[in-house]
Amino acid sequence: MASGVNDGSGKSLTHWLRENGFDDDAVARMSRRCRNLHSLDAGEASGVWDYLLTGVKMERRKLRHVVAKCPKVLTLSVDGKLVPTVQCLATLQARPGEVAQAIAKFPQILFHSVEEKLCPLLAFFQTLGVSEKQLAKLLMVNPRLISYSIEAKFSQTVDFLVGLGIDKEGMIGKILTKEPYIMGYSVDKRLRPTAEFLKSAVGLQGQDLKRVIMSFPDILSRDVDKILRPNLAFLQSCGFSRNQVTALVAGYPPVLIKSIKHCLEPRMKFLVEEMGRDMGEVVDYPQFFRHGLKRSLEYRHKVLKQMNSSCSLSEMLDCNQKKFAMKFGLVAAV
(Lines give C-alpha, C1' and ligand atoms only; values in the text may rest on other atoms or scores of the structure.)
Protein backbone atom coordinates (compact mmCIF):
# COMPACT_ATOMS: atom_id res chain seq x y z
CA MET A 1 0.00 0.00 0.00
CA ALA A 2 1.18 3.51 -0.71
CA SER A 3 1.88 5.66 2.32
CA GLY A 4 -0.92 7.80 3.62
CA VAL A 5 -4.55 7.21 4.53
CA ASN A 6 -6.50 4.63 2.58
CA ASP A 7 -10.18 5.10 3.34
CA GLY A 8 -11.28 2.01 1.44
CA SER A 9 -13.95 3.96 -0.44
CA GLY A 10 -15.58 1.93 -3.18
CA LYS A 11 -13.28 -1.07 -2.71
CA SER A 12 -13.98 -4.61 -1.67
CA LEU A 13 -12.44 -5.73 1.61
CA THR A 14 -10.25 -8.24 -0.20
CA HIS A 15 -8.92 -5.49 -2.47
CA TRP A 16 -8.32 -3.23 0.53
CA LEU A 17 -6.47 -5.99 2.41
CA ARG A 18 -4.23 -6.65 -0.57
CA GLU A 19 -3.39 -2.96 -0.81
CA ASN A 20 -2.35 -3.08 2.84
CA GLY A 21 0.13 -5.89 2.33
CA PHE A 22 -1.91 -9.08 2.83
CA ASP A 23 -1.45 -11.68 0.10
CA ASP A 24 -4.12 -14.21 -0.91
CA ASP A 25 -2.86 -16.86 1.53
CA ALA A 26 -2.96 -14.39 4.40
CA VAL A 27 -6.48 -13.27 3.47
CA ALA A 28 -7.60 -16.92 3.35
CA ARG A 29 -6.17 -17.57 6.83
CA MET A 30 -7.79 -14.44 8.18
CA SER A 31 -11.16 -15.48 6.72
CA ARG A 32 -10.94 -18.80 8.56
CA ARG A 33 -10.14 -17.01 11.81
CA CYS A 34 -12.97 -14.51 11.42
CA ARG A 35 -15.99 -16.01 9.64
CA ASN A 36 -17.82 -12.73 9.06
CA LEU A 37 -14.74 -10.87 7.85
CA HIS A 38 -15.94 -10.53 4.26
CA SER A 39 -19.26 -9.06 5.35
CA LEU A 40 -17.27 -6.12 6.71
CA ASP A 41 -17.25 -2.87 4.77
CA ALA A 42 -13.79 -1.84 3.58
CA GLY A 43 -14.41 1.70 4.81
CA GLU A 44 -15.08 0.45 8.36
CA ALA A 45 -11.96 -1.71 8.31
CA SER A 46 -9.97 1.25 7.05
CA GLY A 47 -11.27 3.38 9.94
CA VAL A 48 -9.99 0.84 12.48
CA TRP A 49 -6.68 0.55 10.64
CA ASP A 50 -6.16 4.31 10.49
CA TYR A 51 -7.05 4.81 14.17
CA LEU A 52 -4.55 2.17 15.32
CA LEU A 53 -1.96 3.51 12.94
CA THR A 54 -2.30 7.24 13.65
CA GLY A 55 -4.30 7.46 16.90
CA VAL A 56 -2.49 4.72 18.82
CA LYS A 57 0.70 5.20 16.78
CA MET A 58 1.23 1.51 16.15
CA GLU A 59 3.97 0.65 13.69
CA ARG A 60 2.59 -0.46 10.32
CA ARG A 61 4.55 -3.72 10.50
CA LYS A 62 3.15 -4.55 13.94
CA LEU A 63 -0.36 -3.51 12.94
CA ARG A 64 -0.22 -5.85 9.97
CA HIS A 65 0.83 -8.66 12.35
CA VAL A 66 -2.02 -7.81 14.75
CA VAL A 67 -4.64 -7.88 12.00
CA ALA A 68 -3.26 -11.12 10.54
CA LYS A 69 -3.25 -12.73 13.99
CA CYS A 70 -6.62 -11.34 15.09
CA PRO A 71 -8.60 -10.08 12.05
CA LYS A 72 -11.66 -9.62 14.24
CA VAL A 73 -10.02 -6.37 15.36
CA LEU A 74 -11.17 -4.83 12.07
CA THR A 75 -14.81 -5.40 13.06
CA LEU A 76 -14.61 -3.22 16.18
CA SER A 77 -16.31 0.15 16.37
CA VAL A 78 -13.76 2.94 16.55
CA ASP A 79 -15.84 5.35 18.65
CA GLY A 80 -17.85 2.73 20.52
CA LYS A 81 -15.01 0.38 21.51
CA LEU A 82 -11.49 1.28 20.42
CA VAL A 83 -11.32 4.87 21.61
CA PRO A 84 -12.76 4.20 25.10
CA THR A 85 -10.52 1.15 25.58
CA VAL A 86 -7.36 2.94 24.49
CA GLN A 87 -8.21 5.98 26.62
CA CYS A 88 -8.74 3.71 29.62
CA LEU A 89 -5.37 2.04 29.09
CA ALA A 90 -3.76 5.46 28.69
CA THR A 91 -5.00 6.48 32.17
CA LEU A 92 -2.63 3.88 33.63
CA GLN A 93 0.21 6.37 33.18
CA ALA A 94 1.64 4.23 30.42
CA ARG A 95 4.71 5.62 28.70
CA PRO A 96 4.49 6.67 25.04
CA GLY A 97 4.22 3.64 22.81
CA GLU A 98 3.38 1.18 25.60
CA VAL A 99 -0.33 0.97 24.76
CA ALA A 100 0.56 0.15 21.16
CA GLN A 101 3.02 -2.50 22.38
CA ALA A 102 0.38 -4.02 24.68
CA ILE A 103 -2.11 -4.28 21.81
CA ALA A 104 0.56 -5.84 19.60
CA LYS A 105 1.32 -8.46 22.27
CA PHE A 106 -2.31 -9.28 23.04
CA PRO A 107 -4.80 -7.85 20.50
CA GLN A 108 -7.65 -9.52 22.39
CA ILE A 109 -7.29 -6.85 25.06
CA LEU A 110 -9.42 -4.69 22.76
CA PHE A 111 -12.35 -7.07 23.18
CA HIS A 112 -12.40 -7.00 26.98
CA SER A 113 -14.30 -4.53 29.11
CA VAL A 114 -11.13 -2.86 30.32
CA GLU A 115 -13.01 -0.10 32.12
CA GLU A 116 -15.02 -2.65 34.14
CA LYS A 117 -12.05 -4.87 34.94
CA LEU A 118 -9.46 -2.28 35.93
CA CYS A 119 -11.02 -1.15 39.23
CA PRO A 120 -11.42 -4.63 40.78
CA LEU A 121 -8.03 -5.62 39.36
CA LEU A 122 -6.37 -2.58 40.91
CA ALA A 123 -8.09 -3.23 44.26
CA PHE A 124 -6.91 -6.86 44.23
CA PHE A 125 -3.30 -6.00 43.41
CA GLN A 126 -3.21 -3.21 45.98
CA THR A 127 -3.87 -5.80 48.71
CA LEU A 128 -0.63 -7.43 47.53
CA GLY A 129 1.32 -4.20 47.80
CA VAL A 130 1.25 -3.46 44.06
CA SER A 131 0.72 0.23 43.29
CA GLU A 132 -1.31 1.61 40.40
CA LYS A 133 1.92 2.51 38.62
CA GLN A 134 3.27 -1.02 39.08
CA LEU A 135 -0.02 -2.50 37.85
CA ALA A 136 0.27 -0.34 34.75
CA LYS A 137 3.73 -1.78 34.13
CA LEU A 138 2.40 -5.31 34.67
CA LEU A 139 -0.41 -4.82 32.17
CA MET A 140 1.87 -3.26 29.58
CA VAL A 141 4.34 -6.14 29.89
CA ASN A 142 1.67 -8.85 30.08
CA PRO A 143 -1.64 -7.40 28.82
CA ARG A 144 -3.16 -10.88 28.90
CA LEU A 145 -3.64 -10.30 32.65
CA ILE A 146 -6.77 -8.28 31.85
CA SER A 147 -8.43 -11.45 30.55
CA TYR A 148 -7.90 -13.51 33.72
CA SER A 149 -10.47 -14.03 36.45
CA ILE A 150 -9.52 -12.74 39.88
CA GLU A 151 -11.24 -15.64 41.61
CA ALA A 152 -10.32 -18.47 39.24
CA LYS A 153 -6.79 -17.36 38.38
CA PHE A 154 -5.19 -14.68 40.50
CA SER A 155 -6.47 -15.86 43.87
CA GLN A 156 -5.30 -19.43 43.20
CA THR A 157 -1.79 -18.26 42.36
CA VAL A 158 -1.62 -16.03 45.42
CA ASP A 159 -2.88 -18.82 47.71
CA PHE A 160 -0.26 -21.15 46.23
CA LEU A 161 2.55 -18.67 46.93
CA VAL A 162 1.25 -18.07 50.44
CA GLY A 163 1.33 -21.85 50.94
CA LEU A 164 5.06 -21.75 50.16
CA GLY A 165 5.51 -19.37 53.08
CA ILE A 166 5.69 -16.17 51.05
CA ASP A 167 4.14 -13.15 52.74
CA LYS A 168 0.97 -11.98 50.98
CA GLU A 169 1.52 -8.31 51.73
CA GLY A 170 4.56 -7.03 49.90
CA MET A 171 6.56 -10.11 48.96
CA ILE A 172 4.02 -11.56 46.52
CA GLY A 173 3.63 -8.15 44.93
CA LYS A 174 7.39 -8.03 44.37
CA ILE A 175 7.29 -11.46 42.74
CA LEU A 176 4.52 -10.40 40.36
CA THR A 177 6.25 -7.17 39.35
CA LYS A 178 9.47 -9.10 38.75
CA GLU A 179 7.77 -11.90 36.78
CA PRO A 180 4.40 -10.69 35.37
CA TYR A 181 3.89 -13.89 33.37
CA ILE A 182 3.73 -16.18 36.42
CA MET A 183 -0.01 -15.46 36.77
CA GLY A 184 -0.65 -17.07 33.41
CA TYR A 185 0.52 -20.53 34.44
CA SER A 186 -1.66 -23.22 35.92
CA VAL A 187 -1.00 -23.83 39.60
CA ASP A 188 -1.71 -27.56 39.33
CA LYS A 189 -0.04 -28.22 35.99
CA ARG A 190 3.06 -26.04 36.27
CA LEU A 191 3.71 -24.04 39.45
CA ARG A 192 3.06 -26.74 42.05
CA PRO A 193 4.96 -29.54 40.21
CA THR A 194 7.94 -27.20 39.81
CA ALA A 195 7.89 -26.22 43.49
CA GLU A 196 7.70 -29.90 44.50
CA PHE A 197 10.67 -30.66 42.24
CA LEU A 198 12.68 -27.87 43.83
CA LYS A 199 11.91 -29.30 47.26
CA SER A 200 12.22 -33.04 46.66
CA ALA A 201 14.82 -33.34 43.88
CA VAL A 202 16.92 -30.22 44.43
CA GLY A 203 16.62 -30.16 48.20
CA LEU A 204 15.46 -26.57 48.67
CA GLN A 205 13.47 -26.08 51.84
CA GLY A 206 12.17 -23.25 54.01
CA GLN A 207 14.05 -19.99 53.70
CA ASP A 208 16.24 -21.24 50.84
CA LEU A 209 13.17 -22.04 48.74
CA LYS A 210 11.62 -18.66 49.55
CA ARG A 211 14.83 -16.82 48.66
CA VAL A 212 15.08 -18.64 45.32
CA ILE A 213 11.48 -17.81 44.41
CA MET A 214 11.86 -14.20 45.55
CA SER A 215 15.10 -13.63 43.65
CA PHE A 216 14.20 -15.63 40.54
CA PRO A 217 10.43 -16.28 40.35
CA ASP A 218 10.80 -17.21 36.67
CA ILE A 219 12.04 -20.62 37.80
CA LEU A 220 8.53 -21.61 38.91
CA SER A 221 7.21 -21.30 35.37
CA ARG A 222 9.82 -23.59 33.82
CA ASP A 223 8.96 -27.11 32.71
CA VAL A 224 10.40 -29.73 35.04
CA ASP A 225 10.98 -32.50 32.50
CA LYS A 226 12.15 -30.33 29.61
CA ILE A 227 14.43 -27.92 31.46
CA LEU A 228 14.95 -28.40 35.20
CA ARG A 229 15.48 -32.16 35.38
CA PRO A 230 18.07 -32.27 32.53
CA ASN A 231 20.03 -29.44 34.18
CA LEU A 232 19.93 -31.20 37.52
CA ALA A 233 21.13 -34.40 35.87
CA PHE A 234 24.04 -32.51 34.28
CA LEU A 235 25.12 -31.04 37.61
CA GLN A 236 24.97 -34.49 39.18
CA SER A 237 26.99 -35.95 36.29
CA CYS A 238 29.72 -33.39 37.06
CA GLY A 239 30.06 -34.99 40.47
CA PHE A 240 28.24 -32.47 42.62
CA SER A 241 26.62 -34.02 45.69
CA ARG A 242 22.99 -33.34 46.61
CA ASN A 243 24.02 -30.76 49.20
CA GLN A 244 26.31 -29.07 46.69
CA VAL A 245 23.54 -28.95 44.09
CA THR A 246 21.23 -27.40 46.68
CA ALA A 247 23.87 -24.78 47.48
CA LEU A 248 24.43 -24.05 43.77
CA VAL A 249 20.74 -23.49 43.06
CA ALA A 250 20.24 -21.48 46.25
CA GLY A 251 23.20 -19.29 45.32
CA TYR A 252 22.40 -18.92 41.63
CA PRO A 253 18.90 -20.18 40.67
CA PRO A 254 19.37 -19.66 36.88
CA VAL A 255 21.81 -22.57 36.92
CA LEU A 256 18.73 -24.79 36.58
CA ILE A 257 17.55 -23.14 33.37
CA LYS A 258 20.79 -22.18 31.62
CA SER A 259 21.66 -24.01 28.41
CA ILE A 260 23.76 -27.08 29.16
CA LYS A 261 25.43 -27.00 25.76
CA HIS A 262 26.12 -23.27 25.53
CA CYS A 263 26.61 -22.30 29.18
CA LEU A 264 27.05 -24.97 31.83
CA GLU A 265 29.17 -27.54 30.00
CA PRO A 266 31.76 -25.17 28.45
CA ARG A 267 32.19 -23.29 31.74
CA MET A 268 32.68 -26.45 33.78
CA LYS A 269 35.15 -27.73 31.19
CA PHE A 270 37.08 -24.46 31.28
CA LEU A 271 37.08 -24.40 35.08
CA VAL A 272 38.58 -27.88 35.45
CA GLU A 273 40.70 -28.32 32.32
CA GLU A 274 42.01 -24.80 31.67
CA MET A 275 41.88 -23.12 35.07
CA GLY A 276 42.88 -26.29 36.92
CA ARG A 277 40.44 -25.56 39.70
CA ASP A 278 38.37 -27.91 41.78
CA MET A 279 34.67 -27.92 40.93
CA GLY A 280 33.93 -27.40 44.61
CA GLU A 281 35.01 -23.78 44.18
CA VAL A 282 31.85 -23.20 42.15
CA VAL A 283 29.79 -24.19 45.19
CA ASP A 284 31.42 -21.33 47.10
CA TYR A 285 30.75 -18.97 44.20
CA PRO A 286 27.70 -20.16 42.19
CA GLN A 287 27.57 -16.86 40.27
CA PHE A 288 30.48 -18.29 38.31
CA PHE A 289 27.91 -19.44 35.72
CA ARG A 290 26.67 -15.93 34.97
CA HIS A 291 30.03 -14.66 33.73
CA GLY A 292 30.83 -14.61 30.03
CA LEU A 293 33.25 -17.31 28.95
CA LYS A 294 35.44 -15.28 26.60
CA ARG A 295 35.01 -11.70 27.83
CA SER A 296 35.36 -12.55 31.50
CA LEU A 297 36.56 -16.04 32.39
CA GLU A 298 39.15 -16.57 29.65
CA TYR A 299 40.46 -13.01 29.78
CA ARG A 300 40.84 -12.82 33.55
CA HIS A 301 42.31 -16.30 33.83
CA LYS A 302 44.88 -15.39 31.18
CA VAL A 303 45.82 -12.20 33.04
CA LEU A 304 46.21 -13.98 36.37
CA LYS A 305 48.21 -16.78 34.77
CA GLN A 306 50.62 -14.31 33.16
CA MET A 307 51.05 -12.60 36.55
CA ASN A 308 51.47 -15.97 38.28
CA SER A 309 48.78 -14.79 40.68
CA SER A 310 46.19 -16.94 42.42
CA CYS A 311 42.90 -15.98 44.02
CA SER A 312 39.43 -17.34 44.68
CA LEU A 313 36.74 -17.32 42.01
CA SER A 314 34.86 -14.57 43.82
CA GLU A 315 37.99 -12.39 44.05
CA MET A 316 38.59 -12.98 40.35
CA LEU A 317 35.05 -12.44 39.09
CA ASP A 318 32.94 -10.52 41.58
CA CYS A 319 33.87 -7.11 40.20
CA ASN A 320 33.68 -5.20 36.93
CA GLN A 321 36.60 -4.88 34.53
CA LYS A 322 37.76 -1.56 35.97
CA LYS A 323 37.86 -2.85 39.54
CA PHE A 324 39.54 -6.04 38.38
CA ALA A 325 42.25 -3.99 36.69
CA MET A 326 42.73 -1.85 39.79
CA LYS A 327 42.78 -4.88 42.08
CA PHE A 328 45.57 -6.55 40.12
CA GLY A 329 47.46 -3.43 39.05
CA LEU A 330 46.36 -3.47 35.41
CA VAL A 331 44.79 -0.02 35.12
CA ALA A 332 47.05 0.97 32.24
CA ALA A 333 46.23 -2.26 30.36
CA VAL A 334 42.46 -1.67 30.31
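**View 1. The whole chain is a helical protein, with 19 helices and zero strands.** Welcome to this predicted model. The radius of gyration of the protein chain is 26 Å, well over the 20 Å that the globule rule gives for 334 residues, so the chain is more spread out than a compact globule. If you follow the C-alpha trace along its principal axes, it spans about 80 × 50 × 35 Å.

**View 2. Two domains are assigned in the protein chain.** Domain 1 covers residues 150-256, and domain 2 covers residues 258-333. How many Å separate the centres of the two domains? Taken over C-alpha atoms, the centres of domain 1 and domain 2 are 28 Å apart.

**View 3. Domain 1 and domain 2 meet at an interface that buries about 1,300 Å².** Here 14 residues of domain 1 are in contact with 13 residues of domain 2. Carbon and sulfur atoms give 77% of the area buried between the two domains. Look for Phe234, Phe240 and Tyr252: together they supply 44% of the area that domain 1 buries against domain 2, more than any other three residues.

**View 4. Polar contacts, but zero salt bridges, are counted between the two domains.** Three residue pairs are in polar contact between domain 1 and domain 2, while the count of salt bridges between these domains is zero.

**View 5. Helices α13 and α14 both contribute to the side of domain 1 that touches domain 2.** Helix α13 runs through residues 224-237 and α14 through residues 242-251, and each supplies at least two residues of this side. Which helix gives the most to it? That is α14, with four residues. Sorted by class, this side of domain 1 has 10 nonpolar and four polar residues, and no charged ones.

**View 6. Lys199 and Glu196 form a salt bridge within helix α11.** Side chains of opposite charge can pair when their charged atoms come close. In this pair, the closest N and O atoms of Lys199 and Glu196 are 3.2 Å apart. Both residues lie in α11, which covers residues 187-200. Lys199 and Glu196 sit three residues apart, about one turn of the helix. For the wider picture, a search of the whole structure finds 10 salt bridges.

Note on methods
Residues are numbered from 1 along each chain as its sequence is written. This is a predicted model: local features need pLDDT of at least 70, side-chain atom pairs count only at pLDDT 80 or more; totals for chains, interfaces and linings use all residues. Side-chain values use heavy atoms; hydrogens and water are left out. Domain bounds come from an automatic or database domain assignment. Contact means heavy atoms within 4.5 Å. Buried area is the accessible area (1.4 Å probe) that two parts lose on being put together, summed over both. A salt bridge is a side-chain nitrogen of Lys or Arg within 4 Å of a carboxyl oxygen of Asp or Glu. A polar contact is a pair of N or O atoms within 3.5 Å; within protein, one must be able to donate a hydrogen and the other to accept it, and residues adjacent in sequence count only if both atoms are side-chain atoms. Ala, Val, Leu, Ile, Met, Phe, Trp, Tyr, Cys and Pro count as nonpolar, Asp, Glu, Lys and Arg as charged, and the others, Gly among them, as polar. The radius of gyration is taken over C-alpha atoms; the globule rule is 2.2 Å times the number of residues to the power 0.38.
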